[in-house]
Amino acid sequence: MEFKIKSGDLAKQKTPCLILGLFENQKLSGTAEIVDQASGGHLSEILGKGDLDGKTGRTLMLYGVPGISCERVLLVGCGKPKGLNRRSYRKALAAAVTLLDDTGTTAALCTLPELVPEAMDLYHRVRDAVTICADKVYRYDQTKSEKTPRRYPLERLDIWVSNRRDTKTAGHAANHGAAISQGVCLARDLGNLPGNICTPAFLADQAIDLGKKHPKMRVEVLEEKDMEALGMGALLSVSRGSRQPAKLIVMEYKGGQKGEKPVVFVGKGLTFDAGGISIKPAAEMDEMKFDMCGAASVFGAMKTALELELPINLVGVVPSSENLPDGDANKPGDIVTSMSGQTIEILNTDAEGRLILCDALTYSERFNPAVVLDMATLTGACVVALGKHPCGLFTQNDKLATEILAAGEAAGDPAWRMPLWDDYQEELDSNFADMANIGSRWGGAITAACFLSRYTKRYPWAHLDIAGIAWRNGKEKGATGRPVSLLAQLLLERSGQLK
Ligand code: BES
Ligand code: MN
Ligand code: ZN
């Protein structure tokens, strides 16, 4: 998709479709009013017939509007002028794009960022327009024999700003939005691919491909023998139950100053999680192909950083494996030794994410990180706690928590902080090893985070449990690409792009 900023006389803009906002009670937005005047009151006249009530997301397509240079006008309801907030703004955008994608237009000019939802600056209005548009036109068809037939896909969305002085800010916003969307798309594609295609080796190849396209990126894939040499007994214990060899994928992007401490993103890359010997029930088990969405978000964030050539040092670490039952698989009661030297009693083989992550987290020490953030579809308990809107944020570092919560909010990709108090730690006590890999029935997302905290003492660290947000189920089943936007926001902030 292409996104360009336009300014100047609205009535003279040539476009297949001009998108205008409209409020309830037939109140035209400022931009719509300009067009109404240019057309000799044509819009008001049509609205007088009562065909569009202006409720958020309702649409009306008009053809042959006189006095202007565009072929069509799409009116989009934006609710009550005072009630316009980011949520309704996004809803209106989504409705417009969805309709356009299904009609005969391949390009449009959008004026909705000229509406001013409560507490949104121009940068975020434009960036949201771009990311929502890319989100709505996304299709997954890699494994369909007939590619989804779309006669006229939307290929270009121009964005109109009334004040020419705003074009620079709007241009940045559109660039950032486009790069974020590319990252989100990559994460969605990887997430949506089935487990028999998207294996640990496949993910490793994806990283190698990314690396080939960019001179500032170095990719290294550690094989099982390398992990053995490093003493990664926890990670290797999970892949023993599968015929697919584990991979530890390391992507180093050096966009920042030499010697500057990197941001390290670690992503859980379980390409299929059957639970192992503690096998999962059959219902909806297919969704455990999404258990690599943490890894996908690392790939996505990396893609965005590369697209924007951000001046930052960024490392992506992806431990990748399957979790299957096999004669050689982990058994409940087995004890393994992690790279850190700490021993782990595996009481439930389905708590495998923390086993592959703990070794990746220890490995990350070697980068001398400014911060380590891990993303993992770690626990069903997190979904029970928070539902499917925010991801769970766990850290003992208040400053980092503030930064991540703010990034999530700014990106429209929210996180919600959960406690990570020492009170929970003793649930991991084991009579036979340094720790067990599960706690009691209660607070499972927290005890999982407590487990990880034991491997992250040497750097500032936070954990995002993305089990509730990484994919949708039911009719809308598919990867969301979250939390790539949050991660990208963090990188934009840290690399000084938003000053
Ligand atoms: N990948 C799952 C977590 C998960 C389950 C995410 C369902 C989304 C939906 C993880 O590996 C897992 O199985 N966790 C267990 C932990 C338990 C055994 C302590 C869980 O959440 O049930
Ligand atoms: Mn599991
Ligand atoms: Zn899992």
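**Figure 1. Residues around ligand 1 in the predicted model.** Among the 16 residues around ligand 1, those that come nearest are D273, K280, D350, E352 and G380. The model shown is predicted. Sorted by class, the shell around ligand 1 consists of 5 nonpolar, 4 polar and 7 charged residues.

**Figure 2. Polar contacts of ligand 1 with K268, D350 and L378.** The side chain of D350 places an N or O atom 2.8 Å from an oxygen atom of ligand 1. For K268, a side-chain N or O atom is 3.2 Å from an oxygen atom of ligand 1. L378 takes part through its backbone, with an N or O atom 3.4 Å from a nitrogen atom of ligand 1. On its own, ligand 1 has 510 Å² of accessible area, and the protein covers 75% of this area.

**Figure 3. The second largest pocket, the space taken by ligand 1.** The volume of the second largest pocket is about 890 Å³. This pocket is lined by 32 residues, and K280, D350, T379, G380 and A381 are the closest to its centre. D350, one of these central residues, also has the side-chain contact of 2.8 Å with an oxygen atom of ligand 1. K280 and G380 likewise belong both to the residues closest to the pocket centre and to those that come nearest to ligand 1. At least two residues of the lining come from helix 11 (380-386), and at least two from helix 13 (444-453). The lining of the second largest pocket comprises 12 nonpolar, 9 polar and 11 charged residues.

**Figure 4. The largest cavity and its lining.** Under the cavity criterion applied here, the model has 1 cavity of 30 Å³ or more. The space in the largest cavity amounts to about 40 Å³. Its lining is formed by S237, V238, G276, I277, N323, L324, A329, N330 and T349. By class, 4 residues of this lining are nonpolar and 5 are polar, with no charged residue present.

**Figure 5. The cis peptide bond between R482 and P483.** The bond from R482 to P483 has an omega near 0° and is therefore cis, whereas most peptide bonds are trans. P483 is situated in the loop that connects strand 21 (478-479) with helix 14 (484-494).

**Figure 6. Backbone conformation at E284.** What is the value of phi at E284? The phi angle of E284 is near 60°, a positive value in a residue other than glycine. Most residues other than glycine have a negative phi. The place of E284 is in the loop between strand 11 (269-273) and helix 9 (293-308).

Key:
Residues numbered from 1 in each chain as written. Chains lettered and ligands numbered in written order. Predicted model: local features only at pLDDT ≥ 70, side-chain atom pairs only at ≥ 80, totals over all residues. Heavy atoms only, no water. 1 Å grid on protein atoms, 1.4 Å probe; cavity = no way out; pocket = protein on both sides within 12 Å on 5 of 7 lines; lining within 4 Å. Points joined across faces, edges and corners; volume = space filled by probe spheres on them. Nonpolar A, V, L, I, M, F, W, Y, C, P; charged D, E, K, R; others polar. Helix = DSSP H or I, 4+ residues; strand = E, 2+ residues; numbered from the N terminus. Near = heavy atom within 4 Å. Polar contact = N/O pair within 3.5 Å; in protein donor to acceptor, adjacent residues only side chain to side chain. Areas by Shrake-Rupley, 256 points an atom, 1.4 Å probe, with all protein chains shown as cover. Sits in = over half its atoms within 2 Å of the grid points.
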